[in-house]
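Here is a short set of questions and answers on backbone geometry and strand pairing.

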Amino acid sequence: MTEGADVSFVHLGITIEHLRNSISIGGFEIAFYGIIIGIGMLAGLYMAQKDARRRGQDPELYLDFALYAIIFSIIGARLYYVIFDWELYKDNPIEIFNLRGGGLAIYGGIIGAVLTLIVFTKVRKVSFFSMADTGCIGLITGQIIGRWGNFFNCEAFGGYTDSLLAMRLKMSLVNPSMISQELLDHRIVENGVEYIQVHPTFLYESVWNLGVLVFMLWYRKRKKFNGEMLLIYLLGYGLGRVWIEGLRTDQLIFFNTGIAVSQALSLVLVVISALVLIWKHRQIRLKSKGED
């Protein structure tokens, strides 16, 4: 690791001397986090519209939906975070509206998008599950890219590790609330500079989601019913999130239970999605035998 570097993947020989998290345009600071999230949204819309064309649907329908979904997804992501980290906001509620200060949760965004799609499909008189099958391909694409915003913010990492992918961060770049006692116990001091060495869970999730997307792109021509791709997304993403969330030091806790809310929600979604998929495929097989 080069002396004084901000970030290093110590066992891969990758070092970033100075990690910038924003650019200045006309004196206005624009965070890379926001830029990356925006790129993820555009890429997700592109993938959804491309899949819509493949299915013979109107791609503009997904653009119309995205205009609403983006707004309500951000609201949902913020509300989810605030609800489960209320101690941070209860004495200064105005900070709830300070999105530049961070605090968005992907599951809240997903819930916001799903609720928006329910209303949208009722108004447009189109199938919710059909649109969801295409929309979730765009969603997982956005998640693959969006997670890299966490890298530039030096957040969404796990506990101490010395594994192949271990990431070393300069402590001065990290929000102190994300530094666990375990990380403090294993902190590294080089030339008077303190570092923590962590699981890069943002990277784990991005790569996991890429694998889910590849499977979905392969399987989509083989799907048996509307809603199947949505269930596969919930199952695939949920499986990854169950173990990745368990590594993270910035978990949102379900009030005072000690339960990581996103980990618990992921597990519930995995079980429900798996059971519905098994039940639906069993129904299809029985129907096919009956017709024979």
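The questions below concern a predicted model.

Q: In which order do the five strands of the open sheet stand?
A: The five strands form an open sheet, and their pairing is antiparallel. The twist averages 20 degrees from one strand to the next. The order is β2-β1-β5-β7-β6.

Q: Which strands stand at the edges of the sheet?
A: The order of the open sheet is β2-β1-β5-β7-β6. An edge strand has a single partner strand, so one side of it is left without a neighbour in the sheet. The strands in that position are β2 (14-16) and β6.

Q: What is the bridge partner of Val 7 in β5?
A: Strand β1 covers residues 7-9 and is joined to β5 by three bridges, the two strands running antiparallel. Val 7 has its bridge partner in β5, and that partner is Leu 169.

Q: Is Cys 154 buried or exposed?
A: Cys 154 lies in the loop between α5 (148-152) and β5 (167-170). Its phi is positive, about 50 degrees, although Cys 154 is not a glycine. Buried means under 20% relative accessible area. The relative accessible area of Cys 154 is 5%, so Cys 154 is buried.

Q: Is Asn 191 buried or exposed?
A: Asn 191 is found in the loop between β6 (188-190) and β7 (193-198). Asn 191 is a residue other than glycine with a positive phi, near 55 degrees. Exposed means over 50% relative accessible area. With a relative accessible area of 62%, Asn 191 is therefore exposed.

Note on methods:
Residues are numbered from 1 along each chain as its sequence is written. This is a predicted model: local features need pLDDT of at least 70, side-chain atom pairs count only at pLDDT 80 or more; totals for chains, interfaces and linings use all residues. Side-chain values use heavy atoms; hydrogens and water are left out. Helices (H or I, at least four residues) and strands (E, at least two) are DSSP runs, numbered from the N terminus. Buried means under 20% relative accessible area, exposed over 50%, partly exposed in between (1.4 Å probe, protein chains only). Two strands pair if DSSP finds at least two bridges between them. Axes are lines fitted to C-alpha atoms, for helices over the stretch in contact, and angles run from 0 to 180 degrees between N-to-C directions.
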